[in-house]
Number of protein chains: 2
Amino acid sequence: MLDRIALPAGSQPEPVLVLGSVAFDTIETPFDKGERILGDSASYCALAASYYAPARLVGIVGRDFGEEHINRLKAREIDLEGLQIDQSGDTFFWAGRYHENFNRRDTLETQLNVFETFEPNLPEAYRNTPYVLLGNIGPNLQLHVLEQLQSPKFVVADTMNLWIDIMKDPLLELLPKVDVLILNDDESEQLTGEQNVIKSGKQLKSMGSKSVIVKKGSHGAVLFHDDGLFSIPAYPVEDLRDPTGAGDSFAGAFTAYLAATQKTDFASLKKAMLYGTVTASYTVEAFSCNSLEAVGVTGLEGRYEDLVKLISL
Amino acid sequence: MLDRIALPAGSQPEPVLVLGSVAFDTIETPFDKGERILGDSASYCALAASYYAPARLVGIVGRDFGEEHINRLKAREIDLEGLQIDQSGDTFFWAGRYHENFNRRDTLETQLNVFETFEPNLPEAYRNTPYVLLGNIGPNLQLHVLEQLQSPKFVVADTMNLWIDIMKDPLLELLPKVDVLILNDDESEQLTGEQNVIKSGKQLKSMGSKSVIVKKGSHGAVLFHDDGLFSIPAYPVEDLRDPTGAGDSFAGAFTAYLAATQKTDFASLKKAMLYGTVTASYTVEAFSCNSLEAVGVTGLEGRYEDLVKLISL
């Protein structure tokens, strides 16, 4: 039986729909290099989510996406009915290099391949999914998915600098339709023009999403909610190997924890942030989803307790 | 009567000795300029401390240090018996300029003046002070003060990059003699050669001080203690005017809160960090000690409650 975090007796996790890109990444860090490893938003989001609730993936891969990768996702019982396999081309490919302190990375190569013409049309069985994570992907596609859903209960959206640059209008159109917008401090500044994280987050919240989470990398994250602010540190990772996918893992675990508990009040969002944080802490300790796939619930629960202690008076 | 934070009935705060430099600073920020304003470690530390416990200042000023500045310190009932007034020269002067995002500052001018030959010899009445804050000043002078004290109960030391550069040996000699070493993340990296804050803090702790606090500016601070780690965010300041003195205010309030409560266990250090954080949050909202002198206990207690909420699950 698939291991998932323990829930109160009788509670039944609801499914979470995960939209995003699936790619092969070639990543250079100061320590190591990973060649054509499984990555991108949908992979990390769905695998992270799978420890909390059943995940339904929406994405596209090409003819080079071998059985072994399909099996990695299936091993975590991720529903792949929404994963399009396009035999006319190859899977999205990205190559990047991190600098000494991991604070900056350069893109070395991007091949969109089959992703270029991706239309995320939902299978019928996905349309009533109550919890939705619009992972990092063009806001036009995020909107397209949202339109196909029948009254979702809770929608989380992630984004990135690229979309703020080239698709700001659809992104602004998306904001009032989501419950939680997740982005990092640079993106928050880019979208609001405001450097101060607190001012910027408050301003973002006024742009339409019910709540906003601003991620600050190794410095944690801040939630801006109607009931107040909540700030948490990152999990104290000593052996950072590859930060790729940390944000996606955070978002996947965050959304799926809410789906698992079926609660979305302020207190639940806070706990979901803690689970997001500890799930991401595993992701960054290895290339690709390797550590995320290996961790197991005991590891996640252990670090959750650590994190609670780390912030408790 | 001087306002100090409320303590449980019957408890009597113990005095805290504050060693440091007193200077006139000329500071340029992206918004404003302050000319020859009261500053440096002892000023901020002592004024911050005065909201929690009686402060005894050890420092030196010159013939240009007017009555109005003496009166500012006296207004907070800071004991100035240990403040040497050297008529042979002027007060230490520093000029600096902050860059756009306050993350970096350049020193434009430094005139040591009377500070150059400062010998911090303690008045007899100071020698039995139980709580000691060795504010940012050469570690040779910090050691000299420590030698004159009769069995202090709790010693906190602050330092900076300059001393790590030019006085590393006396600094290393100091570490095993202090209960808490406070420094920022850059200094922690400089002293240990380790970029990862968690690894670096742990390594520092192994160098002799009982505990270590690594400050991360607007990202908060981490305590490394025998009983575990504790991480807090900065207070969410929206109107940052001048970060000068934030670290000193943190250290002053931190040490004096311990002196006030006469408890120095893990839980007390955590609360002291919160008081340090909120006290510093006022300092950075105005030039010099202006906001720190104006705040009052109600403001500090209000922000303490805010900060507790900000980190509470």
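**Notebook: cysteines, symmetry, cores and sheets in a predicted two-chain model**

**Entry 1. Cysteines.** I looked up Cys45(A) and found that the closest cysteine sulfur, in Cys289(A), lies 9.9 Å from its own, which is too far for a bond. I noted that the model is a predicted one. The cut-off I applied for a disulfide is a pair of cysteine sulfur atoms within 2.5 Å. In chain B, Cys45(B) is in no disulfide either, and the nearest cysteine sulfur, that of Cys289(B), is 9.9 Å away. I then counted disulfides over all chains and obtained zero. I also checked accessibility: Cys45(A) counts as buried, at 0% relative accessibility. For Cys45(B) the relative accessible area is 0%, and this residue is buried.

**Entry 2. Relation of the two chains.** I asked what rotation superposes chain B on chain A. The operation is a rotation of 180° with 0.0 Å of shift along its axis, and the RMSD is 0.0 Å. The two copies are therefore related as by a two-fold rotation axis. I next asked which residue of chain B comes closest to the rotation axis. That residue is His219(B), whose C-alpha stands at 3.0 Å. Turning to the interface, I found that 100% of the interface residues of chain B are also interface residues in chain A, so the copies meet through the same surface.

**Entry 3. Nonpolar cores.** I looked for the largest nonpolar core and found one of 106 residues, in which Tyr52(A) and Phe254(A) have the most contacts. Helix H8 (residues 246–261) of chain A gives the largest share of this core, ten residues. I listed the contacts of Tyr52(A), leaving aside its neighbours within four places in sequence. Among them are Ala253(A), Ala256(A), Tyr257(A) and Ala260(A), as well as Arg4(A), Ile5(A) and Pro13(A). The contacts of Tyr52(A) also include Tyr275(A), Thr279(A) and Leu300(A). A second, separate core holds 105 residues, including Tyr126(A) and Val132(A) together with Ala95(B) and Leu269(B).

**Entry 4. The sheet of chain A.** I traced an open sheet of nine strands in chain A, with mixed pairing and the order E5-E4-E1-E8-E9-E10-E11-E12-E13. Strand E5 (79–86) and strand E13 (228–232) of chain A stand at the edges; each has a single partner strand, so one side of each is left without a neighbour in the sheet. From one strand to the next, the twist averages 15°. Within this sheet I examined strand E8 (residues 131–134) and strand E9 (residues 154–158) of chain A, which pair in the parallel sense over four bridges. Val132(A) has Val155(A) as its bridge partner in E9(A). I then looked at helix H2 (residues 67–75) of chain A, which packs on the sheet and touches strand E4 (55–62) and E5 of chain A. The direction of H2 makes about 165° with that of E5(A).

**Entry 5. The sheet of chain B.** In chain B I traced nine strands in an open sheet of mixed pairing, ordered E5-E4-E1-E8-E9-E10-E11-E12-E13. Here too I asked why one side of E5 and of E13 is left without a neighbour in the sheet. Both stand at the edges of the sheet, each with a single partner strand, so there is no neighbour on the other side. Strand E9 (residues 154–158) and strand E10 (residues 180–184) of chain B pair in the parallel sense over three bridges. Val156(B) stands opposite Val180(B) in E10(B). Helix H9 (residues 266–283) of chain B packs on this sheet and touches E9, E10, strand E11 (211–215), E12 and E13 of chain B. The direction of H9 makes about 20° with that of E13(B).

**Entry 6. The E12–E13 hairpin of chain B.** I found that E12(B) and E13(B) form a hairpin with two residues between them. Strand E12 (residues 221–225) of chain B pairs with E13(B) in the antiparallel sense over five bridges. Phe230(B) is the bridge partner of Leu223(B) in E13(B). Four of the five residues of strand E13 (residues 228–232) of chain B are buried, so this strand is largely enclosed by the rest of the structure.

**Entry 7. Helix H3 of chain B.** I checked helix H3 (residues 139–148) of chain B and found it mostly covered, with seven of its ten residues buried. The buried residues include Leu141(B), Leu143(B), Val145(B) and Leu146(B), and also Gln142(B) and Gln148(B). Their cover includes strand E1 (16–19), strand E8 (131–134) and E9 of chain B, along with helix H4 (161–166) and helix H5 (168–174) of chain B.

Notes:
Residues numbered from 1 in each chain as written. Chains lettered and ligands numbered in written order. Predicted model: local features only at pLDDT ≥ 70, side-chain atom pairs only at ≥ 80, totals over all residues. Heavy atoms only, no water. Buried < 20%, exposed > 50% of the residue type's maximum accessible area, 1.4 Å probe, protein only. Pairing = 2+ DSSP bridges. Least-squares fit on C-alpha atoms with pLDDT ≥ 70 in both. Contact = heavy atoms within 4.5 Å. Core = buried A, V, L, I, M, F, W, Y, C linked by side-chain atoms within 4.5 Å. Axes fitted to C-alpha atoms, helices over the stretch in contact; angles between N-to-C directions.
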